[in-house]
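Reader: I'd like to go through this model with you and ask what stands behind the labels. Can we start once it is on the screen?

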Amino acid sequence: MNFLRFVVMAAMSVSLCVLPAQAAETLRISSTIGPVDAGMLPLLADTFSKKTGIEITMEKAGTGKTLKKAESGSFDLVMVHARKLEDAFCAAGFGIDRRDVMYNDFVILGPKNDPAGVKGMKKVTEAVAKIAAAKVHFVSRADRSGTNVKEMEIWEAAGIQPSGDWYEKWEGGSKGNKATTLYVNEKQAYTLMDRATWLTLKDKVSVVPLMEADPLMLNLIAIIRVNPEKFPAIHKDEALQFADWLVGDEAQILIRDFGKDKYGQPLFFPNSDQWNAKNKK
């Protein structure tokens with residue numbers, strides 16, 4: 001009996017020795033493309049992982065596709081920038097706890113010779129109306145990304161439904177803002193683009209911001225946790241920890257300073273409620 005007990009205990013010991021070490025929890029983020037391509041989200045994720053030991057994986061797509069992918073429950077958080085789509089995502093029960101994290105702005109990019117004559121205009125609705133009246137080449141991402149949603153909001157505010165040969169719904173729009181900017185530069189066309197993308201490409205392209213600084217062109221970027229009541233298997237504790245950290249001082253300062261040394265100005269600006277309250281925005 002003692003011998004049998006010894007054998008059983010020895011076998012258990014061996015099995016325990018060969019079991020793999022338990023993997024650390026991995027936080028899964030589905031994100032709009034811009035913060036990933038600019039390097040902002042990778043920096044935030046890496047800093048958080050080093051502090052906590054929680055690994056982060058991320059996939060990027062336009063905001064519409066980002067939210068659609070999260071409806072499967074295969075992601076823990078989303079980072080997005082189209083308020084109408086965000087509100088619908090939360091209203092349908094897929095997302096909770098939307099929080100503003102950062103912002104930048106959109107600009108109208110176009111060729112330096114500005115054939116539509118929009119340079120220096122103050123209202124983006126008047127600028128796009130002038131582009132439409134001149135029927136100069138305008139490229140749309142046409143993919144329900146945050147950039148495309150903002151573009152359509154501007155056309156709607158201008159009372160225009162853009163159509164015709166001059167208005168191109170680019171089939172490559174889902175590749176993101178970087179690819180779109182490079183295509184617009186190749187065609188010497190106009191487009192609506194976020195400033196961070198242009199800053200990261202300005203040494204490679206000749207198209208320039210021609211119209212900017214209208215409040216309608218703000219680009220608000222938020223984090224939304226996927227609803228754990230709908231998807232009990234998601235990493236709800238880690239998602240909450242990351243969301244809390246993103247809106248705190250350490251992450252907000254990283255956002256404030258990101259890009260200053262390289263581009264002469266930040267690519268994004270901190271925008272959490274906590275940050276704004278402390279800094280009296």
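Reader: What makes Asp 105 and Arg 195 a salt bridge?

Author: This is a predicted model, and in it the closest N and O atoms of Asp 105 and Arg 195 are 2.8 Å apart. The cut-off is 4 Å between a side-chain nitrogen of Lys or Arg and a carboxyl oxygen of Asp or Glu, so the label applies. Asp 105 belongs to strand β4, while Arg 195 sits in helix α9 (residues 195-201), so this pair ties together parts that are 90 residues apart in sequence. Both Asp 105 and Arg 195 are buried, too.

Reader: How many salt bridges do you get by this rule?

Author: The count is 19. As background, side chains of opposite charge can pair when their charged atoms come close.

Reader: How do you know that Arg 225 and Asp 97 belong on that list?

Author: Their N to O distance is 3.1 Å, and the rule asks for 4 Å or less, so they qualify. Arg 225 is in strand β9 (residues 218-226) and Asp 97 in strand β4 (residues 95-110), so here the parts tied together are 128 residues apart in sequence. The pair also belongs to a network of salt bridges linking Asp 97, Arg 99, Arg 225 and Asp 244.

Reader: Why is Arg 225 called buried, and what do you call Asp 97?

Author: Buried means under 20% relative accessible area. Arg 225 has 14%, so Arg 225 is buried. Asp 97 comes out at 29%, between the 20% and 50% limits, so Asp 97 is partly exposed.

Reader: What about Lys 68 and Glu 71: what makes them a salt bridge, and are they buried or exposed?

Author: Their side chains meet at 3.4 Å, N to O, which is within the 4 Å limit. Lys 68 has a relative accessible area of 57%, and exposed means over 50%, so Lys 68 is exposed. Glu 71, at 27%, falls in the partly exposed range.

Reader: Next door is Lys 69. Why is the link between Lys 69 and Glu 59 called a polar contact?

Author: The two side chains make that contact at 3.0 Å, and the cut-off for a pair of N or O atoms is 3.5 Å. Lys 69 is in helix α4 (residues 63-70), and with 26% relative accessible area Lys 69 is partly exposed. Setting aside residues up to four places away in sequence, Lys 69 touches Ser 30, Glu 59, Lys 60, Ala 61, Ser 74 and Phe 75.

Reader: How do you know that Thr 47 is buried, and what does its side chain meet?

Author: Thr 47 has 16% relative accessibility, which is under 20%, so Thr 47 counts as buried. A polar atom of the Thr 47 side chain lies 2.8 Å from the backbone oxygen of Leu 43. Thr 47 lies in helix α3 (residues 40-52). Beyond residues up to four places away in sequence, Thr 47 touches Trp 245, Glu 250 and Leu 254.

Reader: What makes a group of residues a nonpolar core here, and which members touch the most others in the largest one?

Author: The members must be buried nonpolar residues joined through side-chain atoms within 4.5 Å. The largest core has 42 residues, and Leu 77, Met 102, Phe 242, Leu 246, Leu 267 and Phe 268 touch the most other members. Take Phe 242: leaving aside neighbours within four places in sequence, Phe 242 is in contact with Leu 27, Ile 29, Leu 44, Phe 48, Ile 56 and Leu 77. There's a second, separate core of 22 residues, including Phe 106, Ala 127, Val 136 and Tyr 190.

Reader: Which residues line the largest pocket, and what makes them lining residues?

Author: To count as lining, a residue needs an atom within 4 Å of a pocket point. The lining has 14 residues, and His 81, Arg 83, Lys 150, Leu 218 and Leu 220 are the closest to the pocket's centre. The pocket holds about 230 Å³ of space. At least two lining residues come from each of α5 (83-91), β4, α7 (146-158) and β9, and α7 gives the largest share, 4 residues.

Reader: And the chain overall: how many helices and strands are there, and how many residues count as buried?

Author: There are 13 helices and 10 strands. Of the 281 residues, 51% count as buried.

How values were computed. Residues are numbered from 1 along each chain as its sequence is written. This is a predicted model: local features need pLDDT of at least 70, side-chain atom pairs count only at pLDDT 80 or more; totals for chains, interfaces and linings use all residues. Side-chain values use heavy atoms; hydrogens and water are left out. Buried means under 20% relative accessible area, exposed over 50%, partly exposed in between (1.4 Å probe, protein chains only). Contact means heavy atoms within 4.5 Å. A polar contact is a pair of N or O atoms within 3.5 Å; within protein, one must be able to donate a hydrogen and the other to accept it, and residues adjacent in sequence count only if both atoms are side-chain atoms. On a 1 Å grid over the protein atoms alone, a cavity is a set of points where a 1.4 Å probe fits but cannot get out, and a pocket is an open set with protein on both sides within 12 Å along at least five of seven lines; lining residues have an atom within 4 Å of a point. Grid points are joined across faces, edges and corners, and a volume is the space filled by probe spheres set on the points.
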